[in-house]
Amino acid sequence: MLKGKVAAVTGSTSGIGLGIARELARVGADIVLNGFGDANGIEAIRSGIERDHGVRCVYDGADMSKGEAVRGLIQATVDKFGRLDILVNNAGIQFTAPVDEFPAAKWQAILDINLSAAFHAIAAAVSQMKQQRWGRIVNIASAHGLVASTHKAAYVAAKHGLVGLTKVVGLETAGSGVTCNAVCPGWVRTPLVEKQISDIATQRGITQTQATEELLAEKQPSLDFASPEQLGGTVAFLCSAAADQITGTAISVDGGWTAR
Ligand code: NAD
């Protein structure tokens with residue numbers, strides 16, 4: 001389906017981004033991996049994608065908190081492959097605290113990585129995609145791009161901003177062959193959520209299993225996690241011809257979280 005196309009997935013050394021990179025490779029796209037982690041582990045992921053799917057996979061360690069580095073990743077992709085077809089803005093971090101105790105540095109870091117990085121990547125990528133008359137921009141937002149929870153001022157502000165940015169870019173690219181959409185996952189069991197489960201367990205003096213049940217019961221009516229593979233499938237769908245007319249919108253993969 002995506003043979004000959006090139007996909008850059010930010011924050012793809014772990015969790016949802018890795019699930020998306022693997023699914024796009026499975027359907028034939030060459031991949032630019034990005035994110036932090038131990039060099040041997042990243043090399044194992046990179047070579048594993050090439051071996052398992054017969055595509056090219058390169059790693060770019062650009063820091064998504066730095067606008068110039070984000071733009072550099074896009075430029076390096078175009079220089080290396082001669083094109084960029086799919087951009088998945090996925091890198092993200094979390095920090096929780098009441099708004100009056102929220103450290104300003106954490107607010108800034110979350111805004112930089114979860115929102116501004118997508119702006120810089122899109123700004124650098126969109127003219128290349130328009131020239132090609134085909135492009136897919138997918139912003140990994142969150143249920144928190146649509147509704148709020150306590151103690152997540154920066155995250156909720158950034159994710160709502162990302163959904164807004166998605167709408168603007170959807171309008172600005174309409175009719176050009178480029179689409180821009182947001183995907184809004186509910187709980188997905190990744191390192192980002194494991195930390196929140198551990199925090200609940202510690203604060204309430206309960207087990208990890210009990211904390212997991214509480215986390216799901218509070219928000220996600222299906223009482224089950226969405227998986228990185230399922231999110232990969234959602235992004236692959238948005239890259240298919242069936243999605244040519246889907247743009248400027250937000251697709252929830254949240255087990256019913258935002259239905260109530
Ligand atoms: P994760 O912690 O497993 O992965 C985050 C990835 O981003 C890693 O590859 C990490 O190295 C990378 N990253 C972090 N800071 C970076 C930086 N400065 N530069 C480059 N890469 C950086 O988390 P995840 O749960 O897979 O989250 C991925 C995205 O999905 C995030 O945007 C997150 O907000 C969103 N999301 C997650 C959930 C969930 O339940 N896990 C739900 C909704 C939305």
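Around the ligand in this predicted model there's a shell of 31 residues, and the closest of them are S14, N90, Y155, V188 and T190. Sorted by class, that shell breaks down into 16 nonpolar, 13 polar and two charged residues.

Three of the contacts to ligand N or O atoms look like this:

| Residue | Protein atom | Ligand atom | Distance |
|---|---|---|---|
| D63 | polar side-chain atom | nitrogen | 2.9 Å |
| Y155 | polar side-chain atom | oxygen | 2.5 Å |
| V188 | backbone N or O atom | oxygen | 2.7 Å |

How much of the ligand does the protein cover? On its own the ligand has 820 Å² of accessible area, and the protein covers 93% of that. As for where to look, the ligand sits in the largest pocket.

Which helices and strands chip in? Those giving two or more residues to the shell are α1 (15–26), α5 (153–173) and α6 (191–204). The largest share, three residues, comes from α6.

Now zoom out to the domains. Domain 1 runs over 6–186 + 227–252, while domain 2 takes in 189–225. Why does the ligand lie between them? Both domains give residues to the shell around the ligand, so that puts the ligand between the two.

Key: Residues numbered from 1 in each chain as written. Predicted model: local features only at pLDDT ≥ 70, side-chain atom pairs only at ≥ 80, totals over all residues. Heavy atoms only, no water. Near = heavy atom within 4 Å. Polar contact = N/O pair within 3.5 Å; in protein donor to acceptor, adjacent residues only side chain to side chain. Areas by Shrake-Rupley, 256 points an atom, 1.4 Å probe, with all protein chains shown as cover. 1 Å grid on protein atoms, 1.4 Å probe; cavity = no way out; pocket = protein on both sides within 12 Å on 5 of 7 lines; lining within 4 Å. Sits in = over half its atoms within 2 Å of the grid points. Helix = DSSP H or I, 4+ residues; strand = E, 2+ residues; numbered from the N terminus. Nonpolar A, V, L, I, M, F, W, Y, C, P; charged D, E, K, R; others polar. Domains from an automatic or database assignment.
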